[in-house]
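Biologist: I should be grateful for a close look at one part of this model, set in the context of the whole chain. Please take the loop and its surroundings in order, and give the reasoning where a classification depends on a cut-off.

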Amino acid sequence: MKKILLLTSILACAAFANPYAKCIGCHGANGEKVALGKSKVIKDMTKADFIAAMKGYKDGSYGGPMKGLMKGQVAPLTDAQIEEIANKIAK
């Protein structure tokens, strides 16, 4: 748990400069990793599915085992930033 909190803190600091940076730590530079052994591979998601998932994490209507962690990561993102991230890594 301490590792997750430390990673979240580090990524939150990096996110102020680049919202995409908070994704890279767990999901990889191209969204190719299964984050913490529990997530979907986001590079395989469509842009629409990715955006819906991010908005769902924000409002609490989406997510599995990492729902709490992802809600904290996505909460400060604007819709424009979510769209920007989707354009970089989703299909």
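**The loop between α2 and α3**

Modeller: E32 lies in the loop that links α2 to α3. The model under discussion is a predicted one, and every value below is computed from it. With a relative accessibility of 35%, E32 counts as partly exposed, because that class covers the range between the buried limit of 20% and the exposed limit of 50%. Setting aside residues up to four places away in sequence, E32 touches H27, V41 and K43. A further spatial relation links E32 to D44: the two are 12 residues apart in sequence, and their C-alpha atoms are 8.0 Å apart in space.

G31 also belongs to the loop between α2 and α3. Is G31 buried or exposed? Its relative accessibility is 0%, so G31 counts as buried, whereas E32 is partly exposed at 35%. Leaving out neighbours within four places in sequence, the contacts of G31 are V41, I42, K43 and I89. V41 and K43 therefore appear in the contact lists of both G31 and E32, since each is within 4.5 Å of the two residues, heavy atom to heavy atom. The contact with I89 spans a long stretch of sequence: G31 and I89 are 58 residues apart along the chain, and 5.9 Å separates their C-alpha atoms.

L36 is a third residue of the loop between α2, which covers residues 21–27, and α3. What is the phi of L36, given that it is not a glycine? The value is positive, about 50°. Most residues other than glycine have a negative phi. As for its surface, L36 has 42% relative accessibility and so counts as partly exposed.

The loop may now be placed within the chain. The protein chain contains five helices and zero strands, and the order of elements from the N terminus is α-α-α-α-α. Of its 91 residues, 33% count as buried. About 5400 Å² of the protein chain is exposed, and carbon and sulfur atoms supply 62% of that area. Among contacts in the protein chain with a separation of 6 or more, 49% are between residues 24 or more positions apart.

I89, the distant partner of G31, leads to the nonpolar core. The largest such core has 18 residues, and those touching the most other members are F50, M54, M70, V74, I82, I85 and I89. At least two residues of this core come from each of α3 (47–59), α4 (67–74) and α5 (79–89). The greatest contribution is that of α3, with five residues. One of the core residues, M54, is in contact with M70, V74 and I82, when its neighbours within four places in sequence are left aside.

M54 also takes part in the packing of two helices. The axes of α3 and α4 come within 8 Å and cross at roughly 100°. α3 is therefore roughly perpendicular to α4, as angles of 65 to 115 degrees fall in that class. On the α3 side the contact is made by M54, Y57, K58 and D59, and on the α4 side by K67, M70, K71 and V74. By residue class, this contact of α3 with α4 comprises four nonpolar residues, no polar ones and four charged ones.

Helix α4 also contains G72. G72 counts as partly exposed, with a relative accessibility of 45%. Between the C-alpha atoms of G72 and Y57, which are 15 residues apart along the chain, the separation is 8.6 Å. Y57 is one of the α3 residues that make the contact with α4.

A second loop, the one between α1 (2–15) and α2, holds P19. P19 counts as buried because its relative accessibility is 10%, under the limit of 20%. Apart from residues up to four places away in sequence, P19 touches L77, Q81 and I85. I85 is among the core members that touch the most others. P19 and Q73 are 54 residues apart along the chain, with 9.5 Å between their C-alpha atoms.

To return to the loop between α2 and α3: G31 is buried at 0% relative accessibility, and E32 and L36 are partly exposed at 35% and 42%. Through G31 the loop is in contact with I89, one of the residues with the most partners in the largest nonpolar core.

Notes. Residues numbered from 1 in each chain as written. Predicted model: local features only at pLDDT ≥ 70, side-chain atom pairs only at ≥ 80, totals over all residues. Heavy atoms only, no water. Helix = DSSP H or I, 4+ residues; strand = E, 2+ residues; numbered from the N terminus. Buried < 20%, exposed > 50% of the residue type's maximum accessible area, 1.4 Å probe, protein only. Areas by Shrake-Rupley, 256 points an atom, 1.4 Å probe, with all protein chains shown as cover. Core = buried A, V, L, I, M, F, W, Y, C linked by side-chain atoms within 4.5 Å. Axes fitted to C-alpha atoms, helices over the stretch in contact; angles between N-to-C directions. Parallel < 35°, antiparallel > 145°, perpendicular 65-115°, else oblique. Nonpolar A, V, L, I, M, F, W, Y, C, P; charged D, E, K, R; others polar.
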